[in-house]
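Biologist: I would like to learn how to read a model of this kind, going feature by feature. Could we begin with the helices and then work outwards?

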Amino acid sequence: MQRYFIQQASIPLKLQLEPEIFKHAIKVLRLRVGDHFELVDTQQQVAEMKLIAIDGLQATAERLNVSKPQVELPVNVTIACGLAKNAKPEIIVQKATELGAARIIFFQGEYSIARWQPAKMEKKLQRLQKVAQAAAEQSHRTRIPAVDFYAKLSDLPFRDYDLKLVAYEEAAKEGESHIFRKFTDKLLLEKRQQTPNLLAVFGPEGGISAAEIDFLQQQGCQSAGLGPRILRAETAPWYLLAALSFALELG
Ligand code: SAM
């Protein structure tokens, strides 16, 4: 069933569709009176809706039932990626959203070849936020990850996180294979009252510099290998998110 997010804390019994939802549901999908769709509010509640009237550029739907499904990862994962070239940021956002990321940050890495012009920054972030919303709707999530950009690695909000790691290719080359596993074991064993916050930092295509690793380690990030193969900049965050889902959600 088609799902849309709305910026309201709860969904009323009867609701007139917002223009964007109207455009997609009525003009693109051609939903008709009697058809059902879902709305997700800002409290992560999902309401099944039935279209009861379409009149010109307006449509009304009634709420049938409300549920609060648990489809989010049991850990709030922020992936912070060194800015990569071309369409890679879009691909990272789309797939990381499907895989359950809570927040996606891009930063200007020392070895980032790509650069975003300050004048185009807002448009780029708006576009990426739309990609995140579409992916969250498609994957039936109940929250949309926020997408941000930081010009400097040192501006990242390290203090917001209780668990921090940096996926480091040099650690992988040296055979490091325990750190990330220890994180997942800790998350599995510890029963916390609040959902833990995990920050995972990734380099761009050129990797992470020695100075960046030193800085990240000073901020409490542990250098983790993600297996013996060197993954592309866009693949590494997906590996981490998929591995977290495997460890924490299956079985
Ligand atoms: N240019 C680097 C090299 O030749 O070693 C590879 C950089 S890789 C394409 C981009 C980023 O993905 C790395 O900085 C790291 O964050 C992550 N990455 C890729 N493979 C990894 C692995 N096996 N373990 C840990 N991190 C990895």
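Modeller: Let us begin with what is meant by a helix: helices are DSSP runs of at least four residues, of type H or I, numbered from the N terminus. Please keep in mind throughout that this is a predicted model.

Biologist: With that in hand, how far apart are Glu170 and Lys173 in helix H4?

Modeller: Helix H4 covers residues 169-173, and because Glu170 and Lys173 are three residues apart within it, about one helical turn separates them. The two form a salt bridge, in which the closest N and O atoms are 3.1 Å apart.

Biologist: Are these two partners buried or exposed?

Modeller: The idea is to compare the relative accessible area with two cut-offs, under 20% for buried and over 50% for exposed, with partly exposed in between. Glu170, at 31%, therefore counts as partly exposed, whereas Lys173, with 53%, is exposed.

Biologist: How many salt bridges does a search of the whole structure find?

Modeller: A salt bridge requires a side-chain nitrogen of Lys or Arg within 4 Å of a carboxyl oxygen of Asp or Glu, and the search of the whole structure finds 10 of them. One of them pairs Glu90 with Arg127, with 3.1 Å between the closest N and O atoms. Since Glu90 lies in helix H2 (residues 88-98) and Arg127 in helix H3, this pair ties together parts that are 37 residues apart in sequence. Glu90 has a relative accessibility of 29% and counts as partly exposed, and Arg127, at 44%, is likewise counted as partly exposed.

Biologist: Which residue forms a salt bridge with Glu190?

Modeller: The partner of Glu190 is Lys186, and their closest N and O atoms are 3.3 Å apart. Glu190 is partly exposed at 33%, and Lys186 counts as partly exposed at 37% relative accessibility. Elsewhere, salt bridges with shared partners join Lys88, Glu205 and Glu234 into one network.

Biologist: Turning to the strands, in what order do the six strands of the open sheet lie?

Modeller: One reads a sheet by following which strand pairs with which, and here the order is E8-E7-E6-E10-E9-E11, with parallel pairing. Strand E8 (146-150) and strand E11 (222-224) form the edges, each pairing on one side only. On average, neighbouring strands of this sheet are turned by 25° against each other, direction ignored. Within the sheet, strand E6 (residues 76-82) pairs with strand E10 (residues 197-202) over six bridges in the parallel sense, and Thr78 has Leu199 in E10 as its bridge partner.

Biologist: Which strands does helix H3 lie across, and which does helix H7 lie across?

Modeller: Here one looks at the strands a helix lies across and then at its angle to one of them. Helix H3 (residues 118-138) lies across strand E7 (103-107) and E8, and runs at about 150° to E8. Helix H7 (residues 235-249) lies across E6, strand E9 (163-167) and E10, running at about 165° to E6.

Biologist: Finally, which of the 22 residues around the ligand come nearest?

Modeller: Those that come nearest are Ala167, Glu169, Lys173, Leu226 and Arg229. For polar contacts one looks at pairs of N or O atoms, and an N or O atom in the side chain of Lys173 is 2.6 Å from an oxygen atom of the ligand. Backbone atoms take part as well: a polar backbone atom of Gly203 is 2.9 Å from a ligand oxygen atom, and one of Gly227 is 3.0 Å from a nitrogen atom of the ligand. Lys173 thus appears in two parts of our reading, in the salt bridge with Glu170 and beside the ligand.

How values were computed
Residues are numbered from 1 along each chain as its sequence is written. This is a predicted model: local features need pLDDT of at least 70, side-chain atom pairs count only at pLDDT 80 or more; totals for chains, interfaces and linings use all residues. Side-chain values use heavy atoms; hydrogens and water are left out. Two strands pair if DSSP finds at least two bridges between them. Helices (H or I, at least four residues) and strands (E, at least two) are DSSP runs, numbered from the N terminus. Axes are lines fitted to C-alpha atoms, for helices over the stretch in contact, and angles run from 0 to 180 degrees between N-to-C directions. Contact means heavy atoms within 4.5 Å. Buried means under 20% relative accessible area, exposed over 50%, partly exposed in between (1.4 Å probe, protein chains only). A residue is near a molecule or strand if one of its heavy atoms lies within 4 Å of it. A polar contact is a pair of N or O atoms within 3.5 Å; within protein, one must be able to donate a hydrogen and the other to accept it, and residues adjacent in sequence count only if both atoms are side-chain atoms.
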